[in-house]
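Here is a short note for a colleague who is opening this entry for the first time. The points below are meant to be read with the structure in view.

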Amino acid sequence: MAATLSVSATQLLSLPRPVFLSRKLHVHAYGFPFPSRSPSSRLVISENRAICSAPELLNSTSMAEEVGLDETVTLRDLCGNHVPDHVLRRVEEVGYVIPTDVQRQALPTLFSGLDCVLHAQTGSGKTLTYLLLIFSVINTQRSAVQALIVVPTRELGMQVTKVARTLAAKPTESDLEQNSCTIMALLDGGSLKRHKTWLKAEPPTIVVATIGSLCQMLEKRILTLESMQVLVIDEVDFMFNSSKEVSSLRKLLTSYSSINNRQTIFASASIPQHRRFVHDCIQQKWTKSNVVHVHVNPVEPMPSCLHHRFVICSKNMRLHALLSLLQTDAPESGIIFVGEQSEKSKKAGNAPPTTLLMDFLTASYKGDSDILLLEEDMNFNLRATSLSELRQGGGYLLVSTDLAARGVDLPETTHIYNFDLPRTVTNYLHRAGRTGRKPFSDEKCFVTNILTSEERFVLQRYENELMFNCEELLI
Ligand SMILES: Nc1ncnc2c1ncn2[C@@H]1O[C@H](COP(=O)(O)OP(=O)(O)OP(=O)(O)O)[C@@H](O)[C@H]1O
């Protein structure tokens, strides 16, 4: 049976994003050079062929709905010939069925073996994108490190490891007969001695690492990357911006491994001067020369479900402004970002701002949510405890420095409060992106900035650069 739709050429040309139809469908465009400017163009959709993607035939969701067709390609459709079935079953069990935009746009490129810069909004599903590539490439019969994911913080490393282990878990007894994929978290603050023993006994298939711990293992040749097929650098702009990490990162990209033996993926929601970055990737031989920049939704750098607001108050009224906001919003789960303590304030022996804020909230906030702290000065165990408590469910208010701003995925977070304005526009984007992390939800999430009147122009600059509007609240 064929369904026939009449679509004007203007409609065809004005639609905003590529159409992907289910693999049962095939699109024929007849009667006009495609895309046509003729107002009487016809589009015929008939059963029984593969996915069609035509950039000009944008967003045919409404057309497909009109004839009652399933317009959606699934992750299984995209990955079927590449990713082992037991991994795909886990992907579906976890609840990932429909690909997000970045998955839909990047996976075909990644499966074709090309190097890739994954540049897509916070919370858009970049982690699953590169993990699916890794699962398509690794051979569990081989005992060697075949994929390496480098992350900036222990917290992000633990999170990525958890997702990778979830997907690698064998769901049925017949799957258990196959060799399993082992995943090592080689992260700052972990036990290097234990990792050395593990690496010497039996190399893991995938390593998730922070650059410090990784380089120690590479320098001592306890870990080698000769068999590495995929190298992922997550939060790549942060890594290149960090004076502590950059030289080790360059060494990893050029001395410890070579672009010809590996597929290289860089991921981030923010890649400032991205054309320059892609140019550098090729010039510096961090990637092959045909590297693809997958830039999803470039005109909207932040998720559209975010509602940005600000309140203006004097510095010494900020605690009260925050309390008033919390009482009005009554957020079930939120993150309050606080700036780092200045060296001057440290030398003067003042308590860190996070401590002051925790003390204030513990004494004054009467809501039900647990109040927790995450900051660099805590030891790694306490940091892990804070995050695992957050993930156990129930409401929370997390007081944090920018440590929680990159990559941390707490999907229940609906409110972000910038108690101190972030120092850069990129930090604004990542702090804001700790909310709005449920890909197919249209739940409204809030980012609220507490600022002095002198700081208003800084926020205005962020609004201009990131193309959002901030509403003023009067409290
Ligand atoms: N296809 C999918 N369907 C449903 N949920 C998904 C899908 N892919 C990813 N997610 C969920 O989306 C959330 C965000 O994913 P992820 O952490 O990979 O985002 P990200 O793009 O890396 O963001 P950031 O740039 O902030 O690190 C996670 O909670 C993840 O479980």
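**Notes on the predicted model**

1. Please keep in mind that this is a predicted model. Val97 is a convenient place to begin: this residue sits in the loop that runs between α4 (85-94) and α5 (101-111).

2. Val97 counts as partly exposed, because its relative accessible area is 38%, and partly exposed covers the range between under 20% (buried) and over 50% (exposed). Together with Ile98 and Phe440, Val97 makes up a nonpolar surface patch whose combined accessible area is about 270 Å².

3. The helix after this loop has other surroundings to consider: 8 of the 11 residues of α5 are buried, so the helix is largely enclosed by the rest of the structure. Among the buried residues are Val102, Arg104, Leu107 and Phe111. Gly113, which follows α5, has a positive phi near 95°.

4. Turning to the ligand, 22 residues surround it, and Tyr96, Lys126, Thr127, Asp409 and Arg437 are the closest. Helix α6 (residues 126-137) supplies the largest share of this shell, with 3 residues.

5. Several polar atoms face the ligand: a backbone N or O atom of Ile98 lies 2.9 Å from a ligand nitrogen, while a polar side-chain atom of Lys126 is 2.7 Å from a ligand oxygen, and a side-chain N or O atom of Arg434 lies 2.9 Å from an oxygen atom of the ligand. The ligand taken alone exposes 650 Å², of which the protein buries 90%.

6. According to an unreviewed UniProt entry, the annotation "domain: Helicase C-terminal" covers residues 318-475. Over that range the chain is 38% helix and 18% strand, with its end C-alpha atoms 11 Å apart.

How values were computed: Residues are numbered from 1 along each chain as its sequence is written. This is a predicted model: local features need pLDDT of at least 70, side-chain atom pairs count only at pLDDT 80 or more; totals for chains, interfaces and linings use all residues. Side-chain values use heavy atoms; hydrogens and water are left out. UniProt positions are given in the numbering used here, feature names are shortened, and annotations may be inferred rather than shown by experiment. Helices (H or I, at least four residues) and strands (E, at least two) are DSSP runs, numbered from the N terminus. Patches are made of residues with over 30% relative accessible area and no salt bridge: like charges are joined within 9 Å, nonpolar side chains (Val, Leu, Ile, Met, Phe, Trp, Tyr) within 5 Å. Accessible areas come from the Shrake-Rupley method with a 1.4 Å probe; for residues, only the protein chains shown count as cover. A salt bridge is a side-chain nitrogen of Lys or Arg within 4 Å of a carboxyl oxygen of Asp or Glu. Buried means under 20% relative accessible area, exposed over 50%, partly exposed in between (1.4 Å probe, protein chains only). A residue is near a molecule or strand if one of its heavy atoms lies within 4 Å of it. A polar contact is a pair of N or O atoms within 3.5 Å; within protein, one must be able to donate a hydrogen and the other to accept it, and residues adjacent in sequence count only if both atoms are side-chain atoms.
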